[in-house]
Amino acid sequence: MEPLPLMTVQQHILEEQRRHHPDASGEFSWLLSGITLASKIIADQVRRAGLVDVLGSVGQVNVQGETQQKLDVLANQALRLCLGRRGNVGIMASEENAEPIVVPRDRQHGKYVVIFDPLDGSSNIDVNVSVGTIFSILRRAPDPEGKRDPLVDVLQAGVKQVAAGYVVYGSSTMLVYTAGNGVASFTLDPAIGAFIISNPRMTMPAKGNIYSVNAANSDSFPEPYQQFLAKLRSGEAGRTYSSRYIGSLVADFHRTLIKGGIFLYPPTRHYPQGKLRLLYEANPIAFLAEQAGGIASDGRGRIMEIPPTSLHQRCPLLVGSRTEMKLLMEMLASA
Ligand code: P6P
């Protein structure tokens, strides 16, 4: 296989825009460079977490009622700073902030909304397990009066996303993103501080042999989910499955994207609406999954067609290869 050209993520975006949006102004690639800059800052802190005093919590809880880890706060600040200075982001929204964040200087004309989970899976930080940043990019109409409720720009269905992706801080730091023309992945080369292309077109296998679910909740899943998992475990689905669960959505999905299979966070007794958040976890993951040939559902329909009603709303997330997802959706539909 020919060695991949030394293509950076910025070059890739410009190539894609030239190919698919010849009239593009390059504003999107400038916006994405805000995310990649923030992710380099976050990666540096995550990589040194054991050395620098960023382990542990700041002793506060965030809007989710979850203990805020110091790296959560740092990651949120890095993204707000880097994106807030791009000049084309009018509104931001974050898992760490109760309300949307207006960028005063760009409120009237900023063309984009960026919604993000700055450090998903952060409860794993202290045990050195992969964590990630998840982002979702939407367009917004100009707001010449600067008076529109920012929630109007934020509460858009997933089908309105112009781009989405994640950065996984694992054995290497990888950026995986889509702008609606397939999924591409890049690996951060710390020596030069650039994300270099790894895979220009990631596709999810049509079927896999791994299912990923928090088995501790199994007894509280609705019956069809329990029957589905039993079918996978028994071999009745036609193949032998392994179970893998990291408890970090970005890491669990990254494996599903590459190896196939299924990740599911169904409704549980504690989270009857599902635990994962629609706008900055389920929607971006669903966009990537569909662009890679997979399926993402809340158990009733497409994740990306759910009409959002609040910034931090939760939903069930079932995402993965067509084979496993179709079997699960059939079992849910016939229940
Ligand atoms: P549980 C991390 O807190 C997170 O939001 C996702 O990254 C992850 O998939 C999920 O929650 C894990 O939840 O209930 O299995 O610990």
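Here are some notes on the salt bridges, the nonpolar cores, the ligand site and one proline in this predicted model.

1. Starting with the charged pairs: the structure has 18 salt bridges. One that caught my eye joins Lys 111 to Glu 27, with N to O at 3.2 Å. This pair ties together distant parts of the chain, 84 residues apart: Lys 111 belongs to the loop between strand E4 (101–102) and strand E5 (112–120), while Glu 27 is in helix H2 (residues 27–47). Neither side is hidden away: Lys 111 is partly exposed at 31% relative accessibility, and Glu 27 is partly exposed at 26%.

2. Next, have a look at Arg 48 and Asp 44, a salt bridge whose closest N and O atoms are 2.8 Å apart. Arg 48 comes out at 30% relative accessible area, so it counts as partly exposed. Asp 44 gets that label too, because its value is 25%.

3. Arg 302 and Glu 305 also form a salt bridge, with 3.0 Å between the closest N and O atoms. Arg 302 is partly exposed at 33%, and Glu 305 is partly exposed at 48%. Elsewhere, shared partners knit Arg 107, Arg 140, Asp 143, Arg 148 and Asp 153 into one salt-bridge network. As a general reminder, side chains of opposite charge can pair when their charged atoms come close.

4. On to the nonpolar side. The largest core contains 39 residues, and Leu 83 and Ile 137 are the ones with the most contacts inside it. H2 is the top contributor to this core, giving seven residues. So Glu 27 of the first point sits in a helix, H2, that also supplies this core.

5. What does Leu 83 touch, not counting residues up to four places away in sequence? Its contacts are Leu 31, Gly 34, Ile 35, Val 89, Met 92, Val 114 and Phe 116. There is also another core, set apart from the largest one, with 32 residues, including Tyr 166, Leu 249, Ile 285 and Val 319. In soluble globular proteins, nonpolar side chains tend to be buried together.

6. Now the ligand. The residues around it are Asp 120, Gly 121, Asn 214, Tyr 245, Gly 247, Ser 248, Leu 249, Tyr 265, Lys 275, Leu 276, Arg 277 and Glu 281. Leu 249 is worth flagging, as it lines the ligand and is also listed in the 32-residue core.

7. Which polar distances should you check at the ligand? A ligand oxygen lies 2.5 Å from a side-chain N or O atom of Asp 120. For Tyr 245, a ligand oxygen is likewise 2.5 Å from a side-chain N or O atom. With Lys 275, the corresponding distance to a ligand oxygen is 3.0 Å. On its own the ligand would expose 400 Å², and the protein buries 82% of that.

8. Last, Pro 100, which is in the loop between strand E3 (89–94) and E4. Is Pro 100 buried or exposed? It counts as buried, because its relative accessibility is 15%, below the 20% cut-off. Leaving out neighbours within four places in sequence, Pro 100 contacts Ile 91, Met 92, Ala 93, Pro 150, Leu 151, Val 154 and Leu 311. Met 92 is thus on the contact list of Pro 100 and on that of Leu 83, by the contact definition. Val 114, another contact of Leu 83, is 14 residues from Pro 100 along the chain, with 9.9 Å between their C-alpha atoms.

Methods. Residues numbered from 1 in each chain as written. Predicted model: local features only at pLDDT ≥ 70, side-chain atom pairs only at ≥ 80, totals over all residues. Heavy atoms only, no water. Salt bridge = Lys/Arg side-chain N within 4 Å of Asp/Glu carboxyl O. Helix = DSSP H or I, 4+ residues; strand = E, 2+ residues; numbered from the N terminus. Buried < 20%, exposed > 50% of the residue type's maximum accessible area, 1.4 Å probe, protein only. Core = buried A, V, L, I, M, F, W, Y, C linked by side-chain atoms within 4.5 Å. Contact = heavy atoms within 4.5 Å. Near = heavy atom within 4 Å. Polar contact = N/O pair within 3.5 Å; in protein donor to acceptor, adjacent residues only side chain to side chain. Areas by Shrake-Rupley, 256 points an atom, 1.4 Å probe, with all protein chains shown as cover.
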